[in-house]
Amino acid sequence: MYEYFQGKIIEKNPAYVVLDCNGIGYLLNISINTFDKIPGSGDCKLFAHQSIREDAHVLYGFADPDERLMFRDLISVSGVGAATARVMLSSITPADIQNCIINGDVNRLKAVKGIGEKTAQRIIVDLKNKVGKENFGSTSILSGGHNNLRSEALNALETLGFARNAAEKAIDKIMRDEGNSISLEELVKKVLKNF
């Protein structure tokens with residue numbers, strides 16, 4: 001199994017990249033998200049996933065490990081192949097897909113080309129418990145400085161013995177309601193009142 005490829009970009013388009021790695025050219029299929037994140041030329045590092053089928057060995061490249069992890073989660077769902085997962089990651093970021101799965105947002109997933117209602121529901125059912133435990137960078141609905149506050153509150157609640165998933169949901173709800181003004185102490189107290 002390949003972990004990553006690092007080399008010089010020989011060809012880049014929205015569907016794939018050709019990387020020259022010490023004289024060997026590798027074609028890696030990519031999503032639009034990865035296309036936007038990597039440079040147009042020069043050196044590049046792509047995290048890899050190799051798909052071995054009866055008729056082909058196919059390489060997929062990802063700008064970061066989060067996108068590769070979500071790709072692997074998606075292809076583990078019955079009826080979701082590599083092409084569908086790549087289309088999803090071209091339409092929605094891994095963090096947004098995670099939020100859709102956690103919140104049961106069937107309509108947002110259905111908006112992706114090739115995803116019907118049954119497939120969207122299957123993705124949510126199969127991955128809800130799995131992706132809730134994974135960290136896709138900006139998984140929080142909030143951004144920037146809120147991530148520190150959120151993670152500190154989560155650490156405090158886990159230390160107190162609360163389940164991570166339940167604590168995350170309570171923290172996110174309170175932070176949405178309270179906005180920027182809440183302190184760590186107030187946040188933890190409000191979560192404790194809700195349990």
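1. Lys 45 belongs to strand E4, which covers residues 42-52. In this predicted model, Lys 45 counts as partly exposed because its relative accessibility is 35%, a value that falls between the 20% and 50% cut-offs. Apart from neighbours within four places in sequence, Lys 45 is in contact with Tyr 4, Phe 5 and Gln 6. Its charged end sits over the ring of Tyr 4, at 4.2 Å from the ring centre. The C-alpha atom of Lys 45 is separated by 8.6 Å from that of Phe 62, a residue 17 places away along the chain.

2. A second lysine is placed over a ring as well: Lys 12 lies over the face of Phe 35, 4.4 Å from the ring centre.

3. Phe 5, one of the contacts of Lys 45, also takes part in the aromatic pairing. The model has six aromatic pairs. One of them joins Phe 5 and Tyr 26, with 4.4 Å from centre to centre and 45° between the planes, and is classed as tilted. This pair links distant parts of the chain, since Phe 5 is in strand E1 (residues 4-12) and Tyr 26 is in strand E3 (residues 24-29), 21 residues apart. Phe 5 and Tyr 26 are both buried. Together with Tyr 2, they form one aromatic cluster.

4. Strand E1 also holds Ile 10. Is Ile 10 buried or exposed? Ile 10 is exposed, because its relative accessible area of 54% is over the 50% cut-off. With neighbours within four places in sequence left aside, Ile 10 is in contact with Val 18 and Asp 20. The C-alpha atoms of Ile 10 and Leu 27 are separated by 9.8 Å, and the two residues are 17 apart along the chain.

5. Asn 22 deserves a check of its backbone. It is not a glycine, yet its phi is positive, at about 55°. Most residues other than glycine have a negative phi. Asn 22 is in the loop between strand E2 (16-21) and E3. With a relative accessible area of 83%, Asn 22 is exposed.

6. On the overall fold, the secondary structure comes to nine helices and five strands. Read from the N terminus, the order of elements is β-β-β-α-β-β-α-α-α-α-α-α-α-α. The protein has 195 residues, of which 42% count as buried. Of the contacts between residues at least 6 apart in sequence, 53% join residues at least 24 apart. The accessible surface is about 10,500 Å², and carbon and sulfur atoms account for 48% of that area.

7. Helix H6 (residues 117-131) has 15 residues, so at 1.5 Å a residue it should span 21 Å; the C-alpha atoms at its ends are 20 Å apart, which agrees. The expected figure is 21 Å because the rise is multiplied by one less than the number of residues. H6 nevertheless has a bend of about 30° at Val 125.

8. Which residues of H6 are buried? They are Thr 119, Ala 120, Ile 123, Ile 124, Leu 127 and Val 131. The cover over the buried residues of H6 includes four other helices: H2 (65-75), H3 (82-91), H4 (94-103) and H5 (106-110).

9. Helix H8 runs over residues 164-178 and has 15 residues; from its first C-alpha to its last it reaches 21 Å, close to the 21 Å expected at 1.5 Å a residue. Its buried residues are Ala 167, Glu 168, Ala 170, Ile 171, Asp 172, Ile 174 and Met 175. The charged types Glu 168 and Asp 172 are thus listed among the buried residues of H8.

10. Ile 174, in helix H8, counts as buried because its relative accessibility is 6%, under the 20% cut-off. What does Ile 174 contact, leaving aside its neighbours within four places in sequence? The contacts are Ile 182, Leu 187, Lys 190, Val 191 and Asn 194. For one of them, Val 191, the C-alpha atom is separated by 7.4 Å from that of Ile 174, and the two residues are 17 apart along the chain.

Key: Residues numbered from 1 in each chain as written. Predicted model: local features only at pLDDT ≥ 70, side-chain atom pairs only at ≥ 80, totals over all residues. Heavy atoms only, no water. Phe/Tyr/Trp six-rings, centres within 6.5 Å; stacked < 30°, edge-to-face > 60°. Helix = DSSP H or I, 4+ residues; strand = E, 2+ residues; numbered from the N terminus. Buried < 20%, exposed > 50% of the residue type's maximum accessible area, 1.4 Å probe, protein only. Lys NZ or Arg CZ within 6 Å of the ring centre and 35° of its normal. Contact = heavy atoms within 4.5 Å. Areas by Shrake-Rupley, 256 points an atom, 1.4 Å probe, with all protein chains shown as cover. Bend = angle between axes of the 7 residues up to and from the residue.
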